[in-house]
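User: I've got a structure open here and I'd like to go through it with you. Can we start with how the chain is divided up?

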Amino acid sequence: MAVKPAEQAKFEFSVPVVVIGAGACGLTAALSLAEQGVDVLVLERDEHPTGSTSLSAGLIPAAGTRLQREKGIEDSAAQFAADISAKAHGQNDPVVVRAVAEASGPTVDWLIDVQKLDLHLVEGFRYPGHSQLRMHGPRSQSGADLEGMLLTAAGSAGVDIITSASVEDLYADGQGRISAVGFRRPDGSMEIVGCDAVILACNGFGGNPDKLRQYIPEMAEAEYFGHTSNTGDALDWGVALGAQTRDLGAYQGHGSVSTPHGSLLTWAVITLGGIQVNQNAERFADEMQGYSEHAQEVLRQPGKVAWDIYDARCEEPALAFQDYKELVAMGGVRQAGSVAELAAVTGLPQAALERTLRVVETCVRGEAADEYGRDFTGNIPLAPPYRAAKVTGALFHTQGGLAIDSSARVLKADGQPLPNLYAGGGAARGFCGPAAFGYLSGNGLLSAVVLGRIAALSFLTTQHLISTSRNKK
Ligand SMILES: Cc1cc2nc3c(=O)[nH]c(=O)nc-3n(C[C@H](O)[C@H](O)[C@H](O)COP(=O)(O)OP(=O)(O)OC[C@H]3O[C@@H](n4cnc5c(N)ncnc54)[C@H](O)[C@@H]3O)c2cc1C
């Protein structure tokens with residue numbers, strides 16, 4: 001990946017905006033531009049766009065949406081921003097977080113009402129750290145459906161997407177103004193397209209083992225569960241252009257990926273009262289810290305595995321997730337009518353399992369404090385029939401990236417924006433501070449979808465193609 005002198009770029013056609021990457025960020029940006037009549041070209045490395053977006057549960061957190069109001073849920077951008085920052089211990093960029101929280105509701109409303117995406121509000125459980133029900137996603141709760149809906153909308157809007165187009169070069173002048181983009185085709189040939197602006201929507205560096213070893217050594221050997229085409233190219237271009245990078249050690253992990261099936265097992269089973277035990281049938285951490293930091297906790301256990309232990313009641317919301325249904329079909333969820341049977345189907349030592357469940361029940365009943373500090377308020381004691389699934393910890397995506405301002409413009413070392421470069425999703429610095437602990441559920445798609453839209457509206461404003469703020473949309 002390189003930044004080359006602008007004068008070396010020889011191109012036959014030019015578009016106002018090139019978007020690199022056709023995941024949630026790139027497609028949302030492209031839809032926002034197409035809606036205003038701007039010719040936008042999306043360049044996507046893969047033959048068929050999927051991205052990490054397709055691997056996700058497709059859940060986008062947003063505050064103040066129409067769907068929330070219809071359910072009588074009182075939420076606000078201020079509350080949402082406070083939740084994001086609380087999870088990150090205040091170690092993120094409050095200005096960007098506030099801008100994103102403010103734009104989240106209007107963006108999700110726009111996706112539903114204008115772009116006709118069939119999104120619903122997830123009810124029945126709240127992810128750790130969210131003070132309100134604010135997850136919006138496809139009814140299947142599958143990111144593949146979110147990506148599919150965005151691609152359909154892009155098709156209807158006439159967005160041009162060139163697939164099998166791996167961007168390698170940006171062409172820029174001495175001020176860092178990008179005038180063209182070079183991409184490689186499967187036959188090895190290079191093509192160059194001119195542009196007035198570039199939106200980096202090519203996610204982070206989870207698919208690049210060298211960068212992982214350099215920036216996130218603690219997860220370099222863990223299973224990477226995201227999209228392998230995300231090799232951190234935005235970082236290379238940004239650094240070559242003199243951009244600031246921030247929080248490169250940050251990432252979204254997940255402490256509940258079924259093994260050996262490799263399927264995401266939603267944390268909903270935990271939030272409703274489920275627990276995790278290691279192979280000795282012992283708990284080892286406060287599960288309600290968050291699933292991201294729990295990846296490391298699980299990886300520290302014998303064999304790098306744990307068991308999610310829950311019951312049929314906790315399973316109910318999970319049954320709405322496509323991933324979970326597939327896991328059940330694959331035999332990844334074991335069932336038991338008693339603790340003895342639970343021990344038998346998991347191979348966990350029965351006496352230790354009985355002891356752990358007894359202690360947890362005492363905590364749930366408020367008769368003792370949890371030794372790991374978990375607050376069981378509102379939970380109901382686990383009861384047969386039980387469920388159990390063997391899980392491991394995994395890396396989902398990286399959260400560090402290029403520093404941006406609240407208009408998604410990439411910032412140089414001196415804090416000034418580069419003239420015409422925007423970033424969103426995993427390409428940009430996320431909202432979780434310097435490490436995994438700061439990841440609030442949904443920060444990934446929040447950054448992708450909302451910053452994608454902000455980047456596009458920011459470009460439109462700069463070009464005087466729209467004159468009002470993003471929140472009026
Ligand atoms: C299993 C799993 C579950 C998740 N669940 C959730 C969830 O429910 N909610 C949530 O908020 N987040 C979730 N996430 C995180 C979320 O998926 C990502 O944060 C989000 O999809 C990022 O979107 P994006 O558009 O930035 O990147 P992507 O969707 O990964 O798209 C980036 C695209 O850029 C392309 N690309 C890369 N480099 C180049 C190049 N040089 N040239 C051309 N194209 C390039 C890639 O091929 C890819 O298609 C989950 C992640 C995983 C792995």
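Analyst: Sure. First, a term we'll need: the domain bounds used here come from an automatic or database domain assignment. Also keep in mind that this is a predicted model.

User: How far apart do the C-alpha centres of domain 1 and domain 2 lie?

Analyst: The assignment splits the protein chain into domain 1 (2-250 + 399-472) and domain 2 (252-395). Take the C-alpha centres of domain 1 and domain 2, and the separation comes out at 33 Å.

User: And how many residues of domain 2 are in contact with domain 1?

Analyst: On the domain 1 side, the part touching domain 2 has eleven nonpolar, eight polar and four charged residues. Those 23 residues of domain 1 meet a set in domain 2 that numbers 27 residues.

User: Which helix gives the most to the largest nonpolar core?

Analyst: That core has 153 residues, and Ala-30, Val-198 and Leu-200 touch the most other members. It takes at least three residues from each of domain 1 and domain 2. The top contributor, with twelve residues, is H15.

User: Leaving aside neighbours within four places in sequence, what is Val-198 in contact with?

Analyst: Val-198 is one of the core residues that touch the most other members. With those sequence neighbours set aside, its contacts are Val-18, Ile-20, Leu-170, Ile-178, Val-181, Asn-420 and Leu-421.

User: Is helix H10 largely enclosed or open, and which strands do its buried residues pack against?

Analyst: Eight of the nine residues of H10 (residues 291-299) are buried, so the helix is largely enclosed by the rest of the structure. Among the buried ones are Tyr-291, His-294 and Leu-299. The buried residues of H10 pack against strand E13 (251-258), strand E15 (305-311) and E17.

User: Now the ligand. Which residues are closest to it?

Analyst: By class, the shell around the ligand has 18 nonpolar, 21 polar and four charged residues. Elements supplying at least two shell residues each include helix H1 (24-35), strand E17 (386-398) and helix H15 (443-462). Of the 43 residues that surround the ligand, the closest are Gly-21, Gly-23, Gly-51, Gly-425 and Gly-444.

User: Last one: in the sheet with the order E4-E6-E5, which are the edge strands?

Analyst: This is an open sheet of three strands with antiparallel pairing. Two bridges join E4 to strand E6 (residues 135-138), and Pro-61 stands opposite Met-135 in E6. The strands that pair on one side only are the edges, namely strand E4 (60-61) and strand E5 (119-121).

Notes
Residues are numbered from 1 along each chain as its sequence is written. This is a predicted model: local features need pLDDT of at least 70, side-chain atom pairs count only at pLDDT 80 or more; totals for chains, interfaces and linings use all residues. A residue is near a molecule or strand if its C-beta atom, placed from the backbone, lies within 6 Å of it. Helices (H or I, at least four residues) and strands (E, at least two) are DSSP runs, numbered from the N terminus. Ala, Val, Leu, Ile, Met, Phe, Trp, Tyr, Cys and Pro count as nonpolar, Asp, Glu, Lys and Arg as charged, and the others, Gly among them, as polar. A nonpolar core is a set of buried Ala, Val, Leu, Ile, Met, Phe, Trp, Tyr and Cys residues joined through C-beta atoms within 7 Å. A residue is buried if 20 or more other C-beta atoms lie within 10 Å of its own, exposed if 12 or fewer, and partly exposed in between; C-beta atoms are placed from the backbone. Two residues are in contact if their C-beta atoms, placed from the backbone, lie within 7 Å. Two strands pair if DSSP finds at least two bridges between them.
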